[in-house]
Amino acid sequence: MLLGLTMALTAALCFGVAMVLQALGAQRHKSTPGEGLLGTAKAMLNLPFAAGLLLDCFGFVAQLIALRSLPLYVVQAALAGALAVTAVLGAAMLKIRLGRAEWAGVVGVCVGLAVLGATAGAEGHRHPSEAFHWALLAAVAALAAVGGLAWKLREPRRAAVMGALCGLGFGVVGLAVRVLPSVHGLDLVPLLKEPATYALLVGGAVSFAYMTEGVRGGKVTTATAAMVLGETALPAVLGVVLLGDGTRHGLMPLAVAGFAVAVAGALALARFGEVAPVEEADDPAHTAKPAGRATPVS
């Protein structure tokens, strides 16, 4: 339990710091119209951005460890709390102004996660049928199909849909990690035969692409808020109902309250899904975006 909590918070810290480092790296590249993916690649060719990507990798590994030992609702709420890390570091390093509502969001995330940590029980030990494993892969295919239909929507509806699909995709990733079989030594054959493995890989890639598109239109707050809701609410319910996640005896109401406060705090910090210095954030012509787990460069 302690290891899982430590890893969940480590993942949130890594993702939050990565957003800021990637923002610093992206600012070193002055984008020009028509660069497209070439501009994205150029923005990555500097030390801060590379360090941010490395932190993303560490964060993903920590997330995997946390998901194998904690209820899904705790891990997903902690990952949404990465926005609090980004907000605090952004205020210090990028001179972003935080209002009272945003400081309240930081406090809310911290308090909510503390409550979740104190009330969480062990991860559930229910083992869904093989059909559920295939359902995860089917869910990824459905998300890809819906995203294709939503690609040409107009803003702000497009950002909201892409953000929600991204969040649901990350939720599928969390569920897939929980149902993966244990690996003994270097025997990877069970993983290669497991549909949840491909749901994890494809779901992560699809979600990353959707978040890119969600912020590309400039509706960062809309996209990030939808992502937070998508990656926390439904996966948390499925974790309780299907995987048997629970709380310590008699503490379910307190855990629900802590979850709600943490998610509400993350929603209050949704604009930090894209980090930019205050003078650039106030400039509607500014288009540079960082590329963290939740906010790729566009």
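On helix α7, the buried residues are F132, H133, L136, V140, L143, G147 and A150. They sit on the same side of α7, because they cover an arc of only 115° around the axis. An α-helix has 3.6 residues a turn, so residues three or four places apart point the same way. Turned away from that buried side is a face with the exposed residues A131 and L149. Keep in mind, as you look around, that this is a predicted model.

Let's compare the spans of two helices in a small table.

| Helix | Number of residues | First to last C-alpha | Expected span |
|---|---|---|---|
| α6 | 20 residues | 28 Å | 28 Å |
| α7 | 21 residues | 30 Å | 30 Å |

For α6, the reach is close to the value expected at 1.5 Å a residue, and the reach of α7 is likewise close to its expected value. Helix α6 has its own list of buried residues, among them the glycines G105, G108, G112 and G117. E102, V106, V109, L113, L116 and T119 are buried in α6 too.

**The whole chain**

Stepping back, the protein chain has 13 helices and 0 strands. Of its 298 residues, 52% count as buried. Among contacts between residues at least 6 apart in sequence, 82% join residues at least 24 apart.

**The nonpolar core**

Which residues have the most contacts inside the largest nonpolar core? They are Y73, L113, L136, V228, F259, L269 and F272, in a core of 67 residues. Helix α8 gives the largest share of this core, with 11 residues.

Two names on that list are already familiar: L113 is one of the buried residues of α6, and L136 is one of those in α7. Leaving aside residues up to four places away in sequence, L136 touches V172, L175, A176, V179, A196 and A199.

Another buried position to visit is S207, in helix α10 (residues 195–216). S207 counts as buried because its relative accessible area is 1%, under the 20% cut-off. Beyond residues up to four places away in sequence, S207 touches C166, G169 and F170.

**Salt bridges and cysteines**

How many salt bridges does the model hold? The count comes to 2. One of them joins the side chains of R271 and E102, at 2.5 Å from N to O. R271 lies in the loop between α12 (252–268) and α13 (278–281), while E102 belongs to helix α6 (residues 100–119), so this pair ties together parts that are 169 residues apart in sequence. The partners differ in exposure: R271 is partly exposed at 30% relative accessibility, whereas E102 is buried at 11%.

In the other bridge, R178 pairs with D245, and the closest N and O atoms are 2.9 Å apart. This pair also links distant parts of the chain, with R178 in helix α8 (residues 157–179) and D245 in the loop between α11 (220–243) and α12, 67 residues apart. Here, both R178 and D245 are buried.

As for disulfides, the count is 0. Among the cysteines, C14 is buried, with a relative accessible area of 10%, while C57 is partly exposed at 48%.

Note on methods
Residues are numbered from 1 along each chain as its sequence is written. This is a predicted model: local features need pLDDT of at least 70, side-chain atom pairs count only at pLDDT 80 or more; totals for chains, interfaces and linings use all residues. Side-chain values use heavy atoms; hydrogens and water are left out. A disulfide is a pair of cysteine sulfur atoms within 2.5 Å. Buried means under 20% relative accessible area, exposed over 50%, partly exposed in between (1.4 Å probe, protein chains only). A salt bridge is a side-chain nitrogen of Lys or Arg within 4 Å of a carboxyl oxygen of Asp or Glu. Helices (H or I, at least four residues) and strands (E, at least two) are DSSP runs, numbered from the N terminus. The expected span of a helix is 1.5 Å times one less than its number of residues. A nonpolar core is a set of buried Ala, Val, Leu, Ile, Met, Phe, Trp, Tyr and Cys residues joined through side-chain atoms within 4.5 Å. Contact means heavy atoms within 4.5 Å. The arc is that of the directions from the helix axis to the C-beta atoms.
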